[in-house]
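Hello,

Here is the structure I promised to hand over. Please load it before you read on; my notes follow below.

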Amino acid sequence: MSNNIPITVFTGFLGAGKTSIILSLLPRLPKDYKVVLLKNEFGDVEVDSQLAKQSSLAAVSEILNGCMCCVLVGQMKTALLEIREKYRPDRIFIECSGSAFPATLAFQIRELERETNNDLKLDAIVTVIDAENFTGYEDTSPTAKMQASYTDVILINKWEHISERQLEILIDHLNTLNDTTPKVKCQGRDGIDPAIVMGLDSKLYQLGSPELSLPNHHDEVETVTVYRGQKPTSTHHGCGHADHTHAEEHGSCDHIGHDDDSFLAEGRLMEALAALSKESVWRVKGFVRLESGYHILNWAFGRQELTPLSVDPERTGSVKLTMMGERGEVKRAARKLAAAIGADMA
């Protein structure tokens, strides 16, 4: 425990499992330990705002429609100051977008350290690796290599899906990128011990340190919205950030369109997802209304998970998904998915 507010930054490629690891930490913390999550996400689907209502997070603040390390640079700083003023949490978790390089964010936090007299303080940069798919997306994303190279700890997630030999090869490869940072295997659904990622007092990205040559990652990921029941006003940058607590009702950046109350058959959805190529589509995330009610859909590299929602999302329609993948290819895949489930594209 400390008087300042430590900040832990989680980075890692799309679908690596950052949100799951963050949520797995919460039950292991003291019941009166207040954590706020600042989440940066592609697209405009506020999926993680629902997590505040189904977890012990004190609040979730989301920065949508762009990457806060480049396109939306500066919004994170404003959001952190608002979180400090409004919630005064014991800790802030920042979950970066999948293609974010944390250096720009870390330097902003270092500036806040100086401006707030260390009241806000960078504690750790944590990189989550998808053991099953790292080799594939590393070839596509230079940022993925940078995320593994400049970090305080590397968490190896989903290693149970590969052989021991494949895991050895992965760790050897990670050591060529970064041989000084600890590499820790996650414990499946149990995630990791909070002591591994908290209280590290990071020495990375100190003010005055040499500037790094950052990869141009603006075009690494393209996003497409697939919807049924309402049309999003825009899928471009500039929606700003939204705050969500357990008790607060929240709006969105969408205009209400013609609502479609019909549910989507789960078998039809699964068949459409099975047809996606994980080489060109890396992540599908959003809300679907099945016969049993609304669910959060998380699909990454051929694996999907449906999480029931205890409270129906507001103004969502029966389908609202953000698809993320290779530029120029993900739109083709989105057209096929939309046709398969009777939806439209935006």
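Strand β1 (residues 5-11) runs parallel to β4, and 4 bridges join the two. I7 of β1 has I92 as its bridge partner in β4. Keep in mind that this is a predicted model.

β4 also pairs with strand β2 (residues 35-41). That pairing is parallel too, over 5 bridges. Here V36 stands opposite I92. So much for the partners; now the strand itself.

β4 covers residues 91-95 and is mostly covered: 5 of its 5 residues are buried. R91, F93 and E95 point one way from the strand. I92 and I94 point the other way. Side chains in a regular strand alternate between the two faces of the sheet. Both sets in β4 are buried, the charged R91 and E95 included.

Next, the other sheet.

It is an open sheet of 6 strands, paired antiparallel. The order is β12-β11-β10-β13-β8-β14. Which strands sit at the edges? They are β12 (303-308) and β14 (344-345), and each pairs on one side only. Within the sheet, β10 (residues 281-290) and β11 (residues 293-300) run antiparallel and are joined by 8 bridges. L290 of β10 stands opposite G293 in β11.

Two helices lie across strands of this sheet.

- α8 lies across β8 (222-228), β10, β11 and β12. Its direction is at about 150° to β12.
- α9 lies across β8, β10, β13 (319-325) and β14. Its direction is at about 10° to β8.

The helices also pack on each other. Two packed helices are described by the angle between their axes and the distance between the axes. For α8 (residues 266-274) and α9 (residues 330-341), the angle is about 160° and the axes are 9 Å apart. That angle makes α8 roughly antiparallel to α9, because the cut-off for that label is over 145 degrees. The crossing is right-handed.

Which residues make the contact? From α8 they are R268, L269, A272 and L273. From α9 they are L337, A339, A340 and I341. By type, the contact has 7 nonpolar residues, no polar ones and 1 charged. The charged one is R268 of α8.

To recap two points for your setup. I92 of β4 is buried, with I7 as its bridge partner and V36 opposite. The contact of α8 with α9 holds 7 nonpolar residues and 1 charged.

Best regards

Notes. Residues are numbered from 1 along each chain as its sequence is written. This is a predicted model: local features need pLDDT of at least 70, side-chain atom pairs count only at pLDDT 80 or more; totals for chains, interfaces and linings use all residues. Side-chain values use heavy atoms; hydrogens and water are left out. Axes are lines fitted to C-alpha atoms, for helices over the stretch in contact, and angles run from 0 to 180 degrees between N-to-C directions. Angles under 35 degrees count as roughly parallel, over 145 as roughly antiparallel, 65 to 115 as roughly perpendicular and the rest as oblique. A crossing is left-handed if the near helix is turned anticlockwise from the far one by less than a right angle, and right-handed if clockwise. Contact means heavy atoms within 4.5 Å. Buried means under 20% relative accessible area, exposed over 50%, partly exposed in between (1.4 Å probe, protein chains only). Two strands pair if DSSP finds at least two bridges between them.
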